[in-house]
Amino acid sequence: MTAVPGDVDRPATEQDRQPQRSRWRGRSGGGDGFLHKFGKFFTGNLLRTLAQGALYVLLAREMAIDTYGLFVGVTALVAVVSPFASAGAPSLIVQNYADSPSDWPRHLCRGLFLSTVFGSAATVLVTAAGLAIWGAHVGLVDLLCLAFADLVAWRLIEAVAASFHVRGRIMLAALIPALLHVCRLAGAVALALSAGPVTLRGWATTSVVISIVVCLPVVLGGLRGAAGQALGVRGSLRQARTGMLFAVGLSAQSVYNDSDKVMLSRLGTPESAAIYAAAYRVVDLAYTPARTMGSVAYPGFFEAGRNGPREALRMARGLVPRFLAFSVPVSLLLVAFAWMMPLVFGDDFEAAIPALQGLSALLVLKSLHYLAADALSGARMQGRRTICQIGIGVLNALLNLWLIPAYGWQGAIVSSLACDALLAVLLWGCLAAAVRRDRAGTPPSARPMERV
């Protein structure tokens with residue numbers, strides 16, 4: 001592992017180097033600043049998550065279960081590749097803004113450029129991979145539409161939201177992504193009200209049209225105030241080297257989160273993939289408050305991390321009690337109310353009751369490993385985070401190859417729990433080791449981004 005300096009076009013000014021505590025006051029878990037930002041971000045995140053959850057429930061009820069299983073497999077494949085679609089642009093925007101706030105227009109333009117170029121390439125890759133995996137079961141047009149909607153349009157919206165987030169426009173940062181999912185839900189409702197069942201082709205074309213219609217005004221609105229900025233293609237591509245480090249880590253994270261759904265639809269049955277995906281979707285919905293706290297705190301990790309891993313660790317430890325105070329009781333509630341799964345998703349999802357009970361522990365495990373992971377990224381130690389996530393992603397894939405053919409969705413649950421627990425141990429261990437080696441008083445300029 002080597003270190004490379006951050007890529008910027010001009011030296012940071014003295015104003016840029018000053019600690020920006022006023023914008024992230026209370027970031028270690030206390031103070032009105034953090035709670036105020038959390039309240040705003042939670043409003044948008046809750047709307048987005050509810051819209052996503054309602055969308056998946058509606059599609060589960062309106063699609064034939066084997067069609068829904070194929071849809072779950074395709075969307076999981078898209079999720080695995082999606083971090084590469086933006087070359088880590090949202091994280092690059094956050095990191096670059098922490099180092100040079102006054103250059104936000106350039107950071108955003110670069111993020112949009114990288115998202116367009118890499119997103120288009122990822123769309124082609126997913127389409128080819130989907131044809132190889134499912135063959136005639138999924139059409140070329142279906143794959144292209146589903147991939148473009150999430151790998152290009154959605155990634156551009158994410159970059160704009162990240163730019164608003166770091167500039168303190170929290171409500172806009174939360175509501176912009178929610179807008180897309182609310183519009184997609186409206187499109188799904190329109191399809192459901194039409195005659196006949198919802199088909200994969202019908203949803204794929206509806207999704208891509210809605211995504212493009214929402215994306216264009218969001219991007220134009222995000223670029224207000226950035227007129228006259230030189231993009232600098234060469235500088236953007238140099239940034240992509242660092243961004244791909246974020247992308248590799250996020251992709252590995254997507255592998256152990258979503259590869260089980262792809263494998264279930266191929267090595268198991270579409271029905272088992274649908275049951276597992278329904279339970280996982282409920283867990284994801286229940287994780288919304290913790291995800292919101294993590295999103296609010298994420299830029300603060302980069303500001304704290306400029307002074308080394310010790311400050312990033314202090315911030316992460318301050319947030320642990322809040323995350324656990326949420327995740328432990330909610331995990332128990334999921335176990336107690338899992339019997340409602342067939343009522344929500346339909347009679348075909350009776351087996352989702354034990355699936356949800358088994359996956360409920362993920363709320364606690366994710367709360368632990370996401371904090372340590374963001375602390376490592378903020379301390380410019382993305383390389384260590386990425387290595388851990390790659391290792392867990394490989395282990396998860398190997399376990400799924402062994403467990404899914406033998407035990408179906410039950411095997412996927414065992415693999416997910418084991419890998420998330422091990423990841424938490426590895427990431428906190430890396431952070432503790434970095435703190436022990438850290439020399440107090442090292443200036444921020446001597447802490448470059450790690451590169452694998």
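By a salt bridge I will mean a side-chain nitrogen of Lys or Arg within 4 Å of a carboxyl oxygen of Asp or Glu, and by this rule the count in our chain comes to eight salt bridges. Please keep in mind throughout that this is a predicted model, and that what I describe has been computed from it.

Let me take the pairs one at a time, beginning with Arg-201 and Asp-142, whose side chains meet in a salt bridge with an N to O distance of 2.4 Å. This pair links distant parts of the chain, since Arg-201 sits in helix 8, residues 200-222, while Asp-142 belongs to helix 6, residues 140-166, and the two are 59 residues apart. Their surroundings can be set side by side: Arg-201 counts as partly exposed because its relative accessibility is 40%, whereas Asp-142, at 6%, counts as buried.

Now, which residues are linked in a network of salt bridges? They are Arg-281, Asp-284 and Arg-291. Asp-284 meets Arg-281 at 3.7 Å, N to O, and these two are separated by about one helical turn because they stand three residues apart in helix 10, which covers residues 270-286. Asp-284 also forms a salt bridge with Arg-291, where the closest N and O atoms are 2.4 Å apart. Both Asp-284, at 23% relative accessibility, and Arg-291, with a relative accessible area of 25%, are partly exposed.

Turning to the surface, I would point to two patches. A negative one is formed by Asp-66, Glu-271, Asp-347, Asp-348 and Glu-350. Of these residues, Asp-348 is found in the loop between helix 13 (341-345) and helix 14 (352-359), and why do we call Asp-348 exposed? Its relative accessible area is 53%, and the term applies to values over 50%.

The other patch is nonpolar, about 600 Å² in area, and is made by Leu-333, Phe-337, Trp-339, Met-340, Leu-343 and Val-344. Leu-333 lies in helix 12, residues 309-336, and at 47% relative accessibility Leu-333 counts as partly exposed.

Finally, the chain as a whole. It has 17 helices and two strands, and 58% of its 452 residues count as buried. Among contacts between residues at least 6 apart in sequence, 84% join residues at least 24 apart. The chain exposes about 17800 Å², and carbon and sulfur atoms supply 66% of that area.

Technical notes
Residues numbered from 1 in each chain as written. Predicted model: local features only at pLDDT ≥ 70, side-chain atom pairs only at ≥ 80, totals over all residues. Heavy atoms only, no water. Patch = residues over 30% accessible without salt bridge, like charges linked within 9 Å, V, L, I, M, F, W, Y side chains within 5 Å. Areas by Shrake-Rupley, 256 points an atom, 1.4 Å probe, with all protein chains shown as cover. Lys, Arg positive; Asp, Glu negative; His and termini not counted. Charge placed at Lys NZ, Arg CZ, Asp CG, Glu CD. Buried < 20%, exposed > 50% of the residue type's maximum accessible area, 1.4 Å probe, protein only. Helix = DSSP H or I, 4+ residues; strand = E, 2+ residues; numbered from the N terminus. Contact = heavy atoms within 4.5 Å.
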